[in-house]
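Work through the exercises below with the model open beside the text. Each task is followed by a solution in steps.

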Amino acid sequence: MTERIHCFGCGVAIQTENKEELGYAPASSLEKETIICQRCFRLKHYNEVQDVSLTDDDFLKILNEIGRSDSLIVKIVDIFDFNGSWLPGLHRFTGKNKVLLIGNKVDLLPKSVNKQKVINWMKKEAKDLGLRPADVFLVSAQKGQSIKEVLEAIEYHREGKDVYVVGCTNVGKSTFINSVLKEVSGEENIITTSHFPGTTLDIIEIPLSDGKALVDTPGIINHHQMAHFVDKRDLKVITPKKEIKSKVFQLNEGQTLFFGGLARFDFTSGDRHSFVCYFSNELDIHRTKTENADALYQKHAGEMLTPPKRDEMEHFPKLIKHEFTIKEPKTDIVFSGLGWITVNEPNIKVSVYVPQGVHAMIRKSLI
């Protein structure tokens, strides 16, 4: 029985027969010291992504394995898309294992934000969602911020056990592990990373000094995130790369905001109000009267209102209306995977339109 070779980038078993199947690498590459599959090679050098054939059941099997293990679980969420990147029901898979909760991409939040307040907010949200983490941290895996502190916490909480890193696609999990590896070994970019959903294909084990392992698991696909509804070109527009600059709109009742052609917000009733928008700096926000909004969308979606582009409109899901009454001060109206609007004063009614299948919700304000 020959030993299987695994891709150093994504963990998938290497095969040299079928170019269309997962794990393909040309036979000539097997002589190299570090072997990566063609998918990782193309991702690394050309930022091209190929679709993955793993199913939700494959991911569930991996989660079940983690539940049966005696380990520390490190759960990564994207702080810019906290609710969209939350793994619902993870607490059912954790068994008796401790969980560290890490909010990644803290560098995207405005610098004026009080980090401790965000951590307290995360603790409360996690508890409301059924998870009681042993500790909570904010990091920027991309910039290496607070990685050392998290490593110390992992070492302390793992008590000599294996560590499983879990998260949904796009939260920066592999970037986090690369930062950890760099901190420990000085090596850079060992695992394939990209801003496309579903990059890590199989479990990747990184040996720790005491014979245990740090295990990177595939990103779990949350189907209600905006990333799954847009073209790969548009992901660059809606995924923030640097600190988001909030935009404030003073709206009267009967006014509407469009976020490209991806989402819409109607101020349906209440006194004149300030709405603070936290979205990618690249995304255009367009204001109009609600009475004109339907006609504007029909005429300009895919042109003035982009993304999506005109050629994607025929496959783009219909926008579905969700109505909310804001009763509490300091409330966020969340568009899963796109951003949020903060409302500081209560007693107003709003409507939110998002593509069918994408979540919209309200929460206590993050900022």
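Helices here are DSSP runs of H or I with at least four residues, strands are runs of E with at least two, and both are numbered from the N terminus. The model is predicted.

**Exercise: the loop between α8 and β12**

Task. Locate P307 and P308, and determine the form of the peptide bond that leads from P307 to P308.

Solution.
- Step one, position: P307 belongs to the loop between α8 and β12, and P308 is placed in the loop between α8 and β12 as well.
- Step two, the bond into P307: T306 and P307 are joined by a cis peptide bond, with omega about -10°.
- Step three, the bond into P308: from P307 to P308 the peptide bond is cis, and its omega is near -5°.

**Exercise: overall dimensions**

Task. Decide why the radius of gyration of the chain agrees or disagrees with that of a compact globule.

Solution.
- Step one, the expected value: for 367 residues, a compact globule would have a radius of gyration near 21 Å.
- Step two, the comparison: the chain has 22 Å, so the two agree.
- Step three, the extents: the C-alpha trace spans about 70 × 45 × 35 Å along its principal axes.
- Step four, burial and contacts: 53% of the 367 residues are buried. Of the contacts with a separation of 6 or more, 71% are between residues 24 or more positions apart.
- Step five, the inventory: there are 8 helices and 16 strands in the chain.

**Exercise: the nonpolar cores**

Task. Which residues have the most contacts inside the largest nonpolar core?

Solution.
- Step one, the principle: nonpolar side chains in soluble globular proteins tend to be buried together.
- Step two, the largest core: this core has 60 residues, and V74, M122 and F176 have the most contacts inside it.
- Step three, the surroundings of F176: beyond four places in sequence, F176 is in contact with V74, I76, I102, V139, A141, I147, V150, I154 and V165.
- Step four, the other core: a second, separate core holds 41 residues, including A227, L235, F279 and A293.

**Exercise: the open sheet**

Task. Derive the strand order of the open sheet and identify the edge strands.

Solution.
- Step one, one side of β8: β8 and β11 run antiparallel and are joined by 5 bridges, with L257 opposite R287 in β11.
- Step two, the other partner: β8 also pairs with β9, in the antiparallel sense, over 5 bridges. T256 stands opposite D266 in β9.
- Step three, the turn: 3 residues separate the strands in the β8 and β9 hairpin, where G260 has a positive phi near 55°.
- Step four, onward from β9: strand β9 (residues 263-269) is antiparallel to β15 (residues 348-355) and joined to that strand by 5 bridges. F265 has V352 as its bridge partner in β15.
- Step five, the result: the order is β11-β8-β9-β15-β12, with antiparallel pairing. The edges are β11 (285-289) and β12 (319-326), each of which pairs on one side only. From one strand to the next, the twist averages 20°.

**Exercise: the faces of β8**

Task. Which residues of β8 lie on one side and which on the other?

Solution.
- Step one, the rule: side chains in a regular strand alternate between the two faces of the sheet.
- Step two, the assignment: Q255, L257 and F259 are on one side, T256 and F258 are on the other, and all are buried.
- Step three, a crossing helix: α8 (residues 290-300) lies across β8 (255-259), β9, β11 and β12, at about 125° to β11.

**Exercise: T342 and two positive phi angles**

Task. Is T342 buried or exposed? Then classify K105 and N347 by the same cut-offs, under 20% for buried and over 50% for exposed.

Solution.
- Step one, T342: this residue of strand β14 (residues 339-343) is buried because its relative accessibility is 2%.
- Step two, its polar contact: the T342 side chain makes a polar contact of 2.7 Å with the side chain of D332.
- Step three, K105: in the loop between β2 (99-104) and α4 (115-128), K105 has a positive phi near 70° without being a glycine. Its relative accessibility is 17%, so K105 counts as buried.
- Step four, N347: in the loop between β14 and β15, N347 has a positive phi of about 65° and is not a glycine either. N347 has a relative accessible area of 63% and is therefore exposed.

Terms used: Residues numbered from 1 in each chain as written. Predicted model: local features only at pLDDT ≥ 70, side-chain atom pairs only at ≥ 80, totals over all residues. Heavy atoms only, no water. Core = buried A, V, L, I, M, F, W, Y, C linked by side-chain atoms within 4.5 Å. Buried < 20%, exposed > 50% of the residue type's maximum accessible area, 1.4 Å probe, protein only. Contact = heavy atoms within 4.5 Å. Pairing = 2+ DSSP bridges. Axes fitted to C-alpha atoms, helices over the stretch in contact; angles between N-to-C directions. Polar contact = N/O pair within 3.5 Å; in protein donor to acceptor, adjacent residues only side chain to side chain. Rg over C-alpha atoms; globule rule 2.2 N^0.38 Å.
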